[in-house]
Number of protein chains: 2
Amino acid sequence: MSDRPHVTLEDVARTAEVSLATASRAINGTTRVRDDLRERVLSAAAELAYTPNAHAQALAGASRRTVGVVCHDISDPYFAALTRGAMRVADRHGLVVMLAGTFADPDKELACVSALRAQRASAIVLTGSAFENRSWERAMAAELEPYRRGGGRVAVVTRHRSLRADTVSPENRGGARAMAEAMHRLGHRRFAVVTGPAHLTTVADRVAGFREALAGLGIELSERDLFEGSFDRDGGREATAALLAAKHKATCVLTVADVMAVGAIGALREAGLSVPDDVSVTGFDDIPLARDLTPPLTTVALPLERLGEEAMELALDAGGGSRGRVRRIPGEVLLRSSTAKPRRRRRS
Amino acid sequence: MSDRPHVTLEDVARTAEVSLATASRAINGTTRVRDDLRERVLSAAAELAYTPNAHAQALAGASRRTVGVVCHDISDPYFAALTRGAMRVADRHGLVVMLAGTFADPDKELACVSALRAQRASAIVLTGSAFENRSWERAMAAELEPYRRGGGRVAVVTRHRSLRADTVSPENRGGARAMAEAMHRLGHRRFAVVTGPAHLTTVADRVAGFREALAGLGIELSERDLFEGSFDRDGGREATAALLAAKHKATCVLTVADVMAVGAIGALREAGLSVPDDVSVTGFDDIPLARDLTPPLTTVALPLERLGEEAMELALDAGGGSRGRVRRIPGEVLLRSSTAKPRRRRRS
DNA sequence: CTGTTAGCGCCTTCAG
DNA sequence: CTGAAGGCGCTAACAG
């Protein structure tokens with residue numbers, strides 16, 4: 001038809017031979033419009049394959065149909081599940097979500113929030129761990145503050161209270177504590193921790209939980225019992241390789257995430273050790289595939305999709321008045337077969 | 001500071017005591033601006049925490065910094081990996097991606113494209129299987145056509161040529177053929193297929209590949225050898241349960257996706273069968289965790305992230321002239337331990 | 001009910 | 001180099 005870059009409402013109005021306003025009303029159903037006119041407008045719109053320009057709509061102050069979700073890495077099952085939950089409720093509200101992946105880069109995360117702010121997203125959900133970094137934290141708060149002042153809502157999962165946003169808080173520390181205690185109860189006395197980057201609050205909290213519980217049971221976790229890797233499968237693999245190289249005598253390896261546990265199990269196996277016969281391994285999160293591993297992974301189960309759903313709900317629910325509702329989500333220790341009583345004879 | 005809902009360029013200009021135009025130029029670096037003025041503008045912007053309104057920018061015809069990716073379900077490792085690749089290249093180009101999840105609902109998929117169109121996304125990548133459905137297909141084409149006419153670019157992964165978009169085409173059929181042949185070569189003669197919804201082109205293509213290869217080897221796959229479930233882990237589980245209930249005598253179960261294979265292995269195990277000693281199981285895709293399963297999954301490996309990357313690259317590269325470049329991506333049979341030579345004695 | 005008109009916030013010719 | 005003015009597409013008051 002036309003060569004115009006885009007079909008606009010004006011084109012539709014002209015084709016239907018009505019005024020701009022009438023066309024707008026007919027399409028949005030804002031006000032009643034005489035039937036025949038509406039017919040004409042609608043068919044003109046269909047014929048021209050008209051789609052309203054969301055930018056113009058937003059500018060004109062009508063819609064705010066987009067929300068943002070920012071996460072570190074969508075290909076991590078943890079974030080995938082969270083995001084799915086968040087998307088589901090956004091969808092239910094007829095909102096489109098802009099997903100921003102930061103690849104765990106603090107600067108990029110700031111940039112994402114800025115972009116979302118520019119898009120005038122009506123809500124932003126920050127998932128995943130924050131960075132234990134004062135200046136970053138300040139910068140993020142500085143970005144969020146004006147966003148909120150402009151009417152934006154924000155909710156976070158596992159973040160510092162300092163952001164003063166509604167937060168969904170899985171009990172990382174408590175879950176870790178429970179897991180360490182459960183392993184102790186199973187009979188383990190020599191532990192090692194396979195952990196991720198210490199500057200991630202999630203990591204820090206979980207390790208703290210392990211340490212706390214064990215200390216309470218008379219077992220000190222020293223720096224030499226901690227093996228750090230990236231917060232993914234390969235990180236788990238490498239950290240465990242280091243553990244093996246150090247000839248650590250642990251009978252139980254506590255990891256801070258299921259994905260790391262997967263790597264850990266792989267490394268242990270390659271070294272000829274059996275899980276759980278020689279070493280027990282625990283995870284954290286209960287990602288979907290945890291139960292399908294062999295052996296099925298003992299882990300601290302978190303209702304991942306629900307975390308995402310709740311966060312989005314908080315973000316969308318303008319209620320709550322003063323900033324800072326907190327919804328705690330407990331984790332549950334799931335004993336599966338990657339853990340067992342320690343054997344008598346020491347390994348290696 | 002102000003109570004205005006949003007800080008605008010005008011606020012910045014006023015604070016800096018310059019004109020709107022100068023403020024704009026100083027911030028965008030479009031034209032040279034006297035140093036002191038620029039300083040003033042920039043510091044005013046910083047002080048007021050100014051963020052340009054992306055909608056206004058887009059409306060004014062300047063930027064088009066968003067691209068869309070639509071997929072069925074982000075929590076499926078296949079889509080997660082694809083999306084990750086796509087996001088990576090978008091990121092590299094300084095673009096924000098809007099991820100739309102359709103939960104495998106054709107209507108929702110149409111709605112997503114419409115929303116992306118409204119956002120004037122500069123490019124749209126459709127990942128994941130199309131639906132084998134004439135009227136849906138027409139509707140999608142009708143939505144895409146005007147989008148393109150308006151300058152929008154679109155690329156698809158595994159879709160019908162009928163959409164006439166640039167496409168990245170993993171060789172589902174060829175890969176399936178190769179897998180079936182490999183299993184035949186291993187010695188298998190009795191096959192069953194655990195498959196997903198037949199209306200997904202991906203599923204259809206893969207099954208066709210199995211059938212084709214087997215037919216060439218003198219083995220007919222009848223309807224009774226096909227067990228259908230949803231396109232995920234649980235679907236694989238259920239389809240396999242049905243297979244077991246039917247007392248199918250297959251020595252090798254070909255599945256159309258790794259996630260389904262995971263379910264299949266679980267079901268087989270629960271029935272007391274050993275994989276691969278009693279039954280061999282194959283997957284398709286090579287999702288990240290495939291190698292970490294026990295036994296590691298024999299599968300048709302597809303470079304998932306690259307699929308996403310290439311699709312986004314095609315979408316972003318206005319070149320290519322006439323619509324319809326096709327980039328074929330071969331799959332590679334990866335023999336791991338979920339498959340083995342069939343045993344002599346028949347099972348069950 | 002319907003049409004006219006004034007912005008929404010920004011960019012970009014145009015003059016100066 | 002800087003300022004004033006028009007317009008991007010749409011909606012929401014206003015008048016008719």
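**Exercise 1. Sort the residues of the surface near DNA strand C by class: how many are nonpolar, polar and charged?**

Solution. Start with the classes: Ala, Val, Leu, Ile, Met, Phe, Trp, Tyr, Cys and Pro count as nonpolar, Asp, Glu, Lys and Arg as charged, and the others, Gly among them, as polar. With these classes, the surface near DNA strand C has 12 nonpolar, 7 polar and 3 charged residues. Before going on, note that this is a predicted model, where local features need pLDDT of at least 70 and side-chain atom pairs count only at pLDDT 80 or more, while totals for chains, interfaces and linings use all residues. Residues are numbered from 1 along each chain as its sequence is written, chains are lettered from A and ligands numbered from 1 in the order in which they are written, and side-chain values use heavy atoms, with hydrogens and water left out.

**Exercise 2. Find the residues that come nearest to DNA strand C, and say which elements supply its surroundings.**

Solution. Step one is the meaning of "near": a residue is near a strand if one of its heavy atoms lies within 4 Å of it. DNA strand C has 22 residues around it, and A:Thr22, A:Arg25, A:Arg34, B:Leu9 and B:Tyr50 come nearest. Of the atoms of DNA strand C that come within 4 Å of the protein, 68% belong to sugar and phosphate.

Step two is the elements, which are DSSP runs numbered from the N terminus (helices are H or I, at least four residues; strands are E, at least two). At least two residues each come from helix 2 (20–28) of chain A, and from helix 2 (20–28) and helix 4 (54–59) of chain B.

**Exercise 3. Look at the phosphate oxygens of DNA strand C: which polar atoms of A:Ser19, A:Arg34 and B:Asn53 lie by them, side-chain or backbone?**

Solution. A polar contact is a pair of N or O atoms within 3.5 Å; within protein, one must be able to donate a hydrogen and the other to accept it, and residues adjacent in sequence count only if both atoms are side-chain atoms. Take the residues one by one:

- A:Ser19 uses a polar side-chain atom, 3.2 Å from a phosphate oxygen.
- A:Arg34 uses a backbone N or O atom, 2.6 Å from a phosphate oxygen.
- B:Asn53 uses a polar backbone atom, 3.3 Å from a phosphate oxygen.

**Exercise 4. Now turn to DNA strand D: which residues come nearest, and what do B:Thr22, B:Arg34 and B:Leu59 touch?**

Solution. Around DNA strand D there are 25 residues, with A:Leu9, A:Tyr50, B:Thr22, B:Arg25 and B:Arg34 coming nearest. Sugar and phosphate make up 70% of the atoms of this strand that come within 4 Å of the protein.

Next, the contacts. The side chain of B:Thr22 places an N or O atom 2.6 Å from a phosphate oxygen, and a polar backbone atom of B:Arg34 is 2.7 Å from a phosphate oxygen. For B:Leu59, a polar backbone atom is 3.2 Å from a base oxygen.

Finally, the elements and classes. Helix 2 and helix 4 (54–59) of chain A, together with helix 2 of chain B, give two or more residues to this surface. Helix 2 of chain A provides the largest share, 5 residues. By class there are 13 nonpolar, 7 polar and 5 charged residues.

**Exercise 5. Describe how chain A meets chain B.**

Solution. Begin with contact, meaning heavy atoms within 4.5 Å: 52 residues of chain A are in contact with 52 residues of chain B. Then take buried area, the accessible area (1.4 Å probe) that two parts lose on being put together, summed over both. The two chains bury about 4900 Å² between them, 59% of it on carbon and sulfur atoms. On the chain A side, A:His55, A:Phe103 and A:Arg120 lose the most area to chain B, together 14% of what that side buries.

Last come the charged and polar pairs. A salt bridge is a side-chain nitrogen of Lys or Arg within 4 Å of a carboxyl oxygen of Asp or Glu; chains A and B have 6 between them. One of them joins A:Asp73 and B:Arg84 (2.9 Å, N to O). Across the interface, 23 residue pairs are in polar contact, both residues at pLDDT 80 or more. Helix 5 (77–92) is among the elements of chain A that give two or more residues to the side touching chain B, and helix 5 of chain A supplies the largest share, 7 residues.

**Exercise 6. Where is the cis peptide bond that joins B:Val275 and B:Pro276?**

Solution. The bond has an omega of about 10°. B:Pro276 sits in the loop between helix 11 (258–270) and strand 9 (280–282) of chain B.
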